[in-house]
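Work through these short exercises with the structure open. Try each task before you read its solution.

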Amino acid sequence: MESTRLDRWLWSVRLTKSRADAAAACRGGHVRVNDKPAKPATPVHVGDTVRARVHDNTRIVEVTRVIEKRVGAPEAVRCYIDNTPVAPAEAASPVARRDRGAGRPTKRDRRLLDQLRAFDGP
C-alpha cells in the first residue's frame with residue numbers, strides 16, 4: 001500500500017482517539033502535511049512529515065509505514081518517527097509556595113514575596 005487517507009492514518013497510529021476526531025482536527029486547520037494545510041482525504045505517503053495539534057500538544061511525526069487499520073500500540077509506534085521537540089522544563093527560579101492552610105500572608109510575608117519577585121525580574 002503506497003498511501004492512505006490522513007484521517008485514517010492518524011487514527012490508525014493512535015495520534016487521535018477516533019477517526020472523527022482526526023477529521024475534525026484536519027477540518028479545523030490543526031494538521032499539516034509537509035507544511036501544507038491538509039484535509040481529511042489528503043493522501044499520506046512514506047517520508048511525509050505530519051504536524052498535528054491534538055489536545056493542546058503539537059506532535060511532529062515522520063511517516064515510516066502506511067497502515068489503514070488500527071493496530072496495537074507497540075505496532076503503531078513503529079509506523080512513525082516522533083520528531084516532536086522536548087517540552088521546556090519548568091522555570092529554573094524557585095516558586096514561592098505557602099503551606100496549605102497557612103492563611104493569608106502577613107505584611108512581612110508579602111514584602112518578602114515582592115523582594116523575591118523583584119530579584120527574579122529582567
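**Exercise 1.** Find the bridge partner of Arg51 in E6.

*Solution.* This is a predicted model.
Step 1: Locate the two strands, E5 at residues 49-54 and E6 at residues 57-63.
Step 2: Follow their pairing, which is antiparallel and runs over six bridges.
Step 3: Read across from Arg51; the partner in E6 is Ile60.
Step 4: Look at the connection. E5 and E6 form a hairpin, with two residues between them. His55 in the turn has a positive phi of about 55°.

**Exercise 2.** Sort the residues of E5 into a covered face and an uncovered one.

*Solution.* Step 1: Put Val50, Ala52 and Val54 on the covered face.
Step 2: Put Thr49, Arg51 and Arg53 on the uncovered face.
Step 3: Now turn to E2. Its pairing with E5 is antiparallel, over three bridges. Ala52 in E5 is the bridge partner of Val31.

**Exercise 3.** Which residues of helix H2 are buried, and what covers them?

*Solution.* Step 1: Apply the cut-off: buried means under 20% relative accessible area.
Step 2: Scan H2, residues 19-27; Ala22, Ala23, Ala25 and Cys26 are buried.
Step 3: Check their directions. These residues cover an arc of only 160° around the axis, so they lie on the same side of H2.
Step 4: Recall the helix rule: an α-helix has 3.6 residues a turn, so residues three or four places apart point the same way.
Step 5: Inspect the other side of H2, where Ala20 and Arg27 are exposed.
Step 6: Name the cover. It includes helix H1 (6-12) and strand E2 (31-33).
Step 7: Move just past H2. Gly29 takes a positive phi of about 85° there.

Technical notes:
Residues are numbered from 1 along each chain as its sequence is written. This is a predicted model: local features need pLDDT of at least 70, side-chain atom pairs count only at pLDDT 80 or more; totals for chains, interfaces and linings use all residues. Side-chain values use heavy atoms; hydrogens and water are left out. Buried means under 20% relative accessible area, exposed over 50%, partly exposed in between (1.4 Å probe, protein chains only). Helices (H or I, at least four residues) and strands (E, at least two) are DSSP runs, numbered from the N terminus. The arc is that of the directions from the helix axis to the C-beta atoms. Contact means heavy atoms within 4.5 Å. Two strands pair if DSSP finds at least two bridges between them.
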